[in-house]
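Thanks, everyone, for making the time. I would like to walk through one model with you this morning, starting from a single pair of residues and working outwards.

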Amino acid sequence: MFSSIREDIASIRERDPAARSTWEVITCYPGLHAIVVHRLAHWCWLRGFKWLGRFISHIGRGLTGIEIHPGAKIGRRVFIDHGFGVVIGETAEVGDGCTIYQGVTLGGTSLSKGAKRHPTLANGVIIGAGAKVLGAFTVGEGAKVGSNAVVVREVPPGATAVGNPARIIEKDAQNLRDETAARMFAAYGVTPNGDDPLSKALHGLIDNAATQEHQMLMILQALNAAGIRCDTLPELQKFDPQHLNKLVE
């Protein structure tokens with residue numbers, strides 16, 4: 001157990017630039033405290049001491065503001081950053097090296113007792129602040145869930161889920177190096193350049209319209225040079241693709 005705690009502390013210091021010392025992590029990080037309390041509660045739960053496990057979990061929630069059911073499976077080097085309002089359900093499984101921000105819910109959508117009701121996070125997953133991951137499915141290895149996203153279906157490995165309901169953005173092979181770097185530590189589960197597919201689609205449509213306008217102007221110039229007079233429409237001069245791109249950023 002102590003080796004796991006040392007590993008957790010080292011992981012926090014590696015991933016959180018605000019962690020200045022080991023002593024600060026030990027005394028001031030509720031995410032670490034919640035993981036330590038959960039390990040004790042989980043040990044009791046597996047050995048049939050159900051009430052004791054729940055009671056220890058209840059005390060941990062009061063001390064840290066983080067609720068982890070004693071039946072949940074938490075891997076190694078899991079970092080719960082800030083952590084207040086995090087809820088992890090009974091059948092949830094969190095893989096090694098995951099990062100979970102404040103306000104996250106790993107919840108269930110079924111009332112069937114004894115069944116798998118909560119999500120499974122594979123290794124290296126990042127769940128952004130306020131995100132809700134609901135249901136018995138898997139969030140693939142290295143995937144990211146953006147802040148305040150509501151995820152109700154499986155997320156492929158390396159993909160990003162954003163929005164409500166969440167839209168899945170597949171990893172671009174050309175950006176593999178950038179994605180790997182961002183996955184190591186992406187603040188609040190989102191990359192700085194933004195990954196919203198609707199925004200990307202709108203930008204694509206605007207750029208396409210600008211290209212067509214440029215082509216039309218070249219055609220008009222060619223016709224005018226050939227002696228064929230063509231007056232441009234006043235509305236054509238009002239189109240400003242740069243202004244529209246700023247509106248959808």
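Let me begin with Lys132, whose bridge partner is Val150 in strand E13. I should say at once that this is a predicted model, so please take everything that follows in that spirit. The pair belongs to a parallel arrangement in which strand E10, residues 132-134, is joined to E13 by two bridges.

Stepping back from that pair, we find E10 and E13 at one end of an open sheet of five strands, ordered E1-E4-E7-E10-E13, with parallel pairing. The edges of this sheet are strand E1, at 67-68, and strand E13, at 150-151, each of which pairs on one side only.

There is also a sheet of six strands, again open, which runs in the order E3-E6-E9-E12-E14-E15 and whose pairing is mixed. Here strand E3, at 79-80, and E15 have a single partner strand each, so one side of each is left without a neighbour in the sheet. Within this sheet, strand E9 (residues 126-127) and strand E12 (residues 144-145) run parallel and are joined by two bridges, and in that pairing Ile126 stands opposite Lys144 of E12.

Now, some backbone details that you may want to look at on the screen. As background, most residues other than glycine have a negative phi, and most peptide bonds are trans. Asn148, in the loop between E12 and E13, has a positive phi of about 65° although it is not a glycine, and Asn148 is exposed, at a relative accessible area of 56%. His82 also has a positive phi, near 60°; it lies in the loop between E3 and strand E4, the latter at 87-88, and is partly exposed, with a relative accessible area of 48%.

Which residues does the cis peptide bond join? They are Asn164 and Pro165, with omega at about -5°. Pro165 sits in the loop between strand E14 (160-162) and strand E15 (167-169), and is exposed, with a relative accessible area of 56%. Pro165 also brings us back to where we started, for although Pro165 and Val150 are 15 residues apart in sequence, their C-alpha atoms are 5.3 Å apart in space.

Let me turn to the interior. In soluble globular proteins, nonpolar side chains tend to be buried together. In this model the largest nonpolar core has 31 residues, and those with the most contacts inside it are Ile68, Ile88, Ile100, Leu106, Leu121, Ile127 and Val151. A second core, separate from that one, has eight residues, including Ile9, Ile12, Val25 and Phe79. Taking Leu106 as an example, and leaving aside its neighbours within four places in sequence, we find it in contact with residues that include Val87, Ile88, Val94, Ile100, His118 and Leu121.

Among the helices, I would single out H3, residues 30-46, and H4, residues 50-64, whose axes are 8 Å apart and which pack at an angle of about 170°; they are therefore roughly antiparallel to each other. The residues of this contact divide into nine nonpolar, five polar and two charged, and among them are Val37, Leu40 and Trp45 from H3, with Leu52, Arg54 and Ile56 from H4.

To finish with the whole protein, there are eight helices and 15 strands, and 41% of the 249 residues count as buried.

Key:
Residues numbered from 1 in each chain as written. Predicted model: local features only at pLDDT ≥ 70, side-chain atom pairs only at ≥ 80, totals over all residues. Heavy atoms only, no water. Core = buried A, V, L, I, M, F, W, Y, C linked by side-chain atoms within 4.5 Å. Buried < 20%, exposed > 50% of the residue type's maximum accessible area, 1.4 Å probe, protein only. Contact = heavy atoms within 4.5 Å. Axes fitted to C-alpha atoms, helices over the stretch in contact; angles between N-to-C directions. Helix = DSSP H or I, 4+ residues; strand = E, 2+ residues; numbered from the N terminus. Parallel < 35°, antiparallel > 145°, perpendicular 65-115°, else oblique. Nonpolar A, V, L, I, M, F, W, Y, C, P; charged D, E, K, R; others polar. Pairing = 2+ DSSP bridges.
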